[in-house]
Amino acid sequence: MGEHPSPGPAVAACAEAERIEELEPEAEEQLPAAPEDFDPGNTGYISTGKFRTLLESHSSKLDPHKREVLLALADSHADGQICYHDFISLMSNKRSNSFRQAILQGNRRLSSKALLEEKGLSLSQRLIRHVAYETLPREIDRKWYYDSYTCCPPPWFMITVTLLEVAFFLYNGVSLGQFVLQVTHPRYLKNSLVYHPQLRAQAWRYLTYIFMHAGIEHLGLNVVLQLLVGVPLEMVHGATRIGLVYVAGVVAGSLAVSVADMTAPVVGSSGGVYALVSAHLANIVMNWSGMKCQFKLLRMAVALICMSMEFGRAVWLRFHPSAYPPCPHPSFVAHLGGVAVGITLGVVVLRNYEQRLQDQSLWWIFVAMYTVFVLFAVFWNIFAYTLLDLKLPPPP
């Protein structure tokens, strides 16, 4: 076939990004995947003529969207050849949508250089590049995010939640005259936002407890983690997805306490924070070779140490002599509920950048598990307290 021209920028970016992933069985059944079927010379390229013939003969077996993208791939190569690896990437459901969008919007070219090699960037461009490398494991996804991010809308969810938590803490600090270990103040539990087992029928408390913190030492770490981890994740994945993981962690945290630590109240946003952080750390571990954030091992160790210290503080406080007996201090179980959400729902969200979650079977499995847990916890709260004849602390 002679000397082959170099592939286009999007193709080069894809080749730099990662090893080509194997076709899933479903894709292998739809189209022949062996190179010798349409690339007998083993050159790595397919002629667009053969490619179109192949598409026409198997068009009835292909998803309409996938067929549209494959036709766009053929039309985008004026040199009459298609890189075989691009075809494999498109047919694999493991690939993100970034490369598909780059082809469909052929007039927008992604740089063939790695983002880290780009020079003369402004402060905002360097920030966006930093966020891309902090959160995304594939170079093609990082480039697409860098090219398309407009900061509109900004990461409003995590910032709003953080500001509300700080505002409520300052208000309570002034009201109680205490900022360190506020939770030890006798009037602390009288606040209508705190989850209390005697008031569990007031459903809003399963969510609003995040605006109450045990003290400035509790609030401080949660705020730092929300801003350092939550804001970059929201910049990449959007307020809807990150807000969903955060709120799911919060609700799972309070429900877990109502099941596993039935006499204890709950305060703090640790359920939501631990959901986001554990999802992020799990995503880094699962994509270790692709994640290019600096000092990732050291930073993971620091994050785990901070989380462990905060969890240890919560455990110590739970069993410390209470300031309002017979009610114990707030429970630590909410942290564990957040982690459970993070390593299930959270990981699926972070691993599917630009893909529809409803197309992921794991998403529906974890949603079903979460729903079953919520329903179980609701029925537990309705019946178990009476059946177990549990003696609860009096209402505050």
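## The largest cavity

About 80 Å³ of space lies in the largest cavity of this predicted model. The count of cavities of 30 Å³ or more comes to one. Fourteen residues make up the lining, and those closest to the centre are H218, V267, R313, S331 and H335.

Where does the lining of the largest cavity come from? Three helices each supply at least two of its residues: α13 (270-286), α14 (296-319) and α15 (333-351). The largest share belongs to α14, which gives three residues. By residue type, the lining divides into seven nonpolar, six polar and one charged.

## A salt bridge within α14

Keep R313 in view for a moment, since this residue of the cavity lining also takes part in a salt bridge. Its partner is E310, with the closest N and O atoms 2.9 Å apart. The two residues sit three positions apart in helix α14, so about one helical turn separates them.

Are these partners buried or exposed? E310 counts as buried at 3% relative accessibility. R313 is buried as well, at 17%, with the cut-off for buried being under 20% relative accessible area.

## Salt bridges from α14 to other parts of the chain

How many salt bridges does a search of the whole structure find? There are three. Besides the E310 and R313 pair, one joins R299 to E134, where the closest N and O atoms are 2.3 Å apart. R299 belongs to helix α14 and E134 to helix α7 (residues 123-135), so this pair ties together parts that are 165 residues apart in sequence. Here the two ends differ in their surroundings: R299 is partly exposed, with a relative accessible area of 35%, whereas E134 is buried, at 11%.

The remaining salt bridge brings together D261 and R318, and 2.9 Å separates the closest N and O atoms. D261 lies in the loop between α12 (239-260) and α13, while R318 is in helix α14, so that the pair links distant parts of the chain, 57 residues apart. Both ends are under cover: D261 is buried with a relative accessible area of 11%, and R318 counts as buried at 12%.

## Helix α8

Turn next to helix α8 (residues 139-148). Eight of its ten residues are buried, so this helix is largely enclosed by the rest of the structure. Which residues of α8 are buried? They are E139, I140, D141, R142, K143, W144, Y145 and Y146. If you are following along in the structure, notice that this list includes E139, D141, R142 and K143, which count as charged residues.

## The chain as a whole

Stepping back, the chain has 16 helices and two strands. Of its 396 residues, 53% are buried. Among the contacts with a separation of 6 or more, 74% are between residues 24 or more positions apart. The pairs R299 with E134 and D261 with R318 are handy examples to look up when you want to see distant parts of the sequence brought together.

As for the outside, the accessible surface of the chain comes to about 18,800 Å². Carbon and sulfur atoms hold 65% of that surface.

Conventions
Residues are numbered from 1 along each chain as its sequence is written. This is a predicted model: local features need pLDDT of at least 70, side-chain atom pairs count only at pLDDT 80 or more; totals for chains, interfaces and linings use all residues. Side-chain values use heavy atoms; hydrogens and water are left out. Helices (H or I, at least four residues) and strands (E, at least two) are DSSP runs, numbered from the N terminus. Buried means under 20% relative accessible area, exposed over 50%, partly exposed in between (1.4 Å probe, protein chains only). Contact means heavy atoms within 4.5 Å. Accessible areas come from the Shrake-Rupley method with a 1.4 Å probe; for residues, only the protein chains shown count as cover. On a 1 Å grid over the protein atoms alone, a cavity is a set of points where a 1.4 Å probe fits but cannot get out, and a pocket is an open set with protein on both sides within 12 Å along at least five of seven lines; lining residues have an atom within 4 Å of a point. Grid points are joined across faces, edges and corners, and a volume is the space filled by probe spheres set on the points. A salt bridge is a side-chain nitrogen of Lys or Arg within 4 Å of a carboxyl oxygen of Asp or Glu.
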